[in-house]
Amino acid sequence: GEMGRVATLLVGDETGSIRLNLWEDKVETAKRIQVGDILLIQGAYTRERFGELNLNLGQTGSLTLNPNIAEAEGLRLLEGRITPIKELKAEGGPITVEGTIATTPTIREIVTARGQRVKVASLDLEDETGKIRVSLWRNLADQVENLKAEDKIRIENAYVKRGLSGQLELTSSILTKVKPPPSKSEE
């Protein structure tokens, strides 16, 4: 119930990735962080929210940007692994998928539990291994509104959840990005 400032980042190492919430004075440091920077995080705590584990760094913790320590020497930017749809067997994330839109996105406006009116786009995405239902919320719905079946897209930092039907679906979060897959010359 209190007001506060928070910056949300996606951080990862060779074991996986997690959402990092930087609170209050740490928000200023977040403004200086760039993709590929090394972070030394001390005194953080985890909290589960909506079935997702998050890392939180508040007043009692510390954050050092690009520390001059031996452990940082071998770290490098981890490229996002493309997960084949058939490998999506349990809830979790963040994950990156790439495929072809199988059904033209349908856009609708809903009212959230907090009373906000937001857009959501629904579509089916398929790759050579399978098909999954996708929900893209808020500004991402606007981004896919003019796409059609057969268009190719990459969805980065999405989450696998159980839908109302009990089937696994892909859904967006604040860190999700939708873009065309890289061309062969960009890979």
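This passage walks through the overall build, the nonpolar cores, the salt bridges and a few unusual backbone angles of one protein.

The structure is a predicted model. Two helices and 13 strands make up its secondary structure. Along the principal axes, the C-alpha atoms fill a box of roughly 50 × 45 × 30 Å. The protein has 187 residues, of which 36% count as buried. Its exposed surface comes to about 12100 Å², and carbon and sulfur atoms supply 48% of that area. Among contacts with a separation of 6 or more, 52% join residues that lie 24 or more positions apart.

A good place to start a tour is the interior. The largest nonpolar core holds 21 residues, and the members that touch the most others are Val134, Leu136, Ile155 and Leu170. Two or more residues come from each of β7 (92–101), β9 (117–127), β10 (130–137), α2, β11 and β12 (168–171). Strand β11 gives the most, with four residues. Ile155 offers a helpful view of these surroundings. Beyond its neighbours within four places in sequence, Ile155 is in contact with Ile95, Thr96, Val97, Leu125, Val134, Leu136, Leu170, Thr176, Lys177 and Val178. A second core, separate from the one just described, has 12 residues, including Leu20, Ala30, Ile33 and Leu63.

Nonpolar side chains also appear on the outside. Val6, Trp23 and Tyr45 together make a nonpolar surface patch of about 250 Å². Of these, Tyr45 belongs to strand β4, which spans residues 45–49. Tyr45 has a relative accessible area of 35% and is therefore classed as partly exposed.

Charged side chains add another layer to the picture, with 10 salt bridges counted in the protein. One of them joins Glu109 and Arg117, with an N to O distance of 2.8 Å. In this pair Glu109 is partly exposed, at 48% relative accessibility, whereas Arg117 is exposed, at 61%. Another salt bridge links Asp151 to Lys148, where the closest N and O atoms are 3.4 Å apart. Asp151 has a relative accessible area of 18%, so this residue counts as buried.

Strand β11 comes back into view with the next pair. Arg154 and Glu156 form a salt bridge whose closest N and O atoms are 3.7 Å apart. Arg154 counts as buried because its relative accessibility is 15%, and Glu156 is likewise buried, at 14%. The two belong to a network of salt bridges that also takes in Glu98 and Lys179.

The backbone holds a couple of details worth a closer look. Most residues other than glycine have a negative phi. Two residues here have positive values. Glu150 has a phi near 90 degrees, although this residue is not a glycine. Glu150 sits in the loop between α2 (139–144) and β11 (152–162), and its relative accessible area of 61% makes it exposed. Asn157, also not a glycine, has a positive phi of about 60 degrees. Rather than in a loop, Asn157 is found in strand β11. Is Asn157 buried or exposed? With a relative accessibility of 17%, Asn157 falls under the 20% limit and so counts as buried.

Technical notes:
Residues are numbered from 1 along each chain as its sequence is written. This is a predicted model: local features need pLDDT of at least 70, side-chain atom pairs count only at pLDDT 80 or more; totals for chains, interfaces and linings use all residues. Side-chain values use heavy atoms; hydrogens and water are left out. Buried means under 20% relative accessible area, exposed over 50%, partly exposed in between (1.4 Å probe, protein chains only). A nonpolar core is a set of buried Ala, Val, Leu, Ile, Met, Phe, Trp, Tyr and Cys residues joined through side-chain atoms within 4.5 Å. Contact means heavy atoms within 4.5 Å. Patches are made of residues with over 30% relative accessible area and no salt bridge: like charges are joined within 9 Å, nonpolar side chains (Val, Leu, Ile, Met, Phe, Trp, Tyr) within 5 Å. Accessible areas come from the Shrake-Rupley method with a 1.4 Å probe; for residues, only the protein chains shown count as cover. A salt bridge is a side-chain nitrogen of Lys or Arg within 4 Å of a carboxyl oxygen of Asp or Glu.
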